[in-house]
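Please open the structure in your viewer and keep the sequence beside it, since this tour moves from one selection to the next.

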Amino acid sequence: MLQVKHLLADKGDRIYTVGPDEPVLAAIRTMADRYVGALLVMRGDELVGIVSERDYARKVILKGRSSSDTPVRDIMTSPVITVNPSDTVDTCMRLCTDSRVRHLPVVEGTRVVGVVSIGDLVKAVISEQGEQIEQLQRYIAG
């Protein structure tokens, strides 16, 4: 069974962050520059929230707020649902589905060691299923 640590080994452990007091506009710029849909909100080494494009759309645009005047802490999601490196891909898929989130920070002890997205999880499931199909075809073919 694939675990989060296997996904991070393939994709890397790069994380993108923003501070809770930074303006939302800075967070949106970082997301656009890095081609990501969410940023971890960090106060030093402490994970205090997560902010996503969805948060921006629902809590800034639809409410007529200013991106340059609104701090990230006002729109971030907190507390954050996290996983650890030994959690399985299935566990993460279930968490994403049940909690309606698309990004899961990976925390080992108190340290953030990566992030997995729903896209990472779907890619892993498809790959694993493809391997299983190949094995079954080889078995049937003898």
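**A guided tour**

Begin by selecting Asp120, which is buried, with a relative accessible area of 19% (buried means under 20%, exposed over 50% and partly exposed in between, with a 1.4 Å probe and protein chains only). The model is a predicted one, in which local features need pLDDT of at least 70 and side-chain atom pairs count only at pLDDT 80 or more, while totals for chains, interfaces and linings use all residues. Residues are numbered from 1 along each chain as its sequence is written, and side-chain values use heavy atoms, with hydrogens and water left out.

Now add Lys11 to the selection: Asp120 forms a salt bridge with Lys11, and their closest N and O atoms are 2.7 Å apart (a salt bridge is a side-chain nitrogen of Lys or Arg within 4 Å of a carboxyl oxygen of Asp or Glu). This pair links distant parts of the chain, with Asp120 in helix H5 and Lys11 in helix H1 (residues 4-11), 109 residues apart; helices (H or I, at least four residues) and strands (E, at least two) are DSSP runs numbered from the N terminus. Lys11 counts as partly exposed, at 42% relative accessibility.

How many salt bridges does a search of the whole structure find? There are 4, and another one to select is Asp21 with Arg73, where the closest N and O atoms are 2.5 Å apart. Asp21 lies in the loop between S1 and H2 and Arg73 in the loop between helix H3 (53-61) and helix H4 (89-99), so the pair ties together parts that are 52 residues apart in sequence. Asp21 is exposed, at 56% relative accessible area, whereas Arg73 is partly exposed, at 42%.

Turn next to the open sheet of 3 strands, which has the order S1-S2-S3 and mixed pairing (two strands pair if DSSP finds at least two bridges between them). Its edge strands, S1 (17-18) and S3 (46-52), each pair on one side only. Strand S2 (residues 38-43) runs antiparallel to S3 and is joined to S3 by 6 bridges; to see one bridge partner, select Val41 together with Gly49 in S3.

Finish on the surface, where Leu136, Tyr139 and Ile140 form a nonpolar patch with about 430 Å² of accessible area together. Patches are made of residues with over 30% relative accessible area and no salt bridge, like charges being joined within 9 Å and nonpolar side chains (Val, Leu, Ile, Met, Phe, Trp, Tyr) within 5 Å; accessible areas come from the Shrake-Rupley method with a 1.4 Å probe, and for residues only the protein chains shown count as cover. Tyr139 lies in helix H5 (residues 118-141) and is exposed, with a relative accessible area of 69%.
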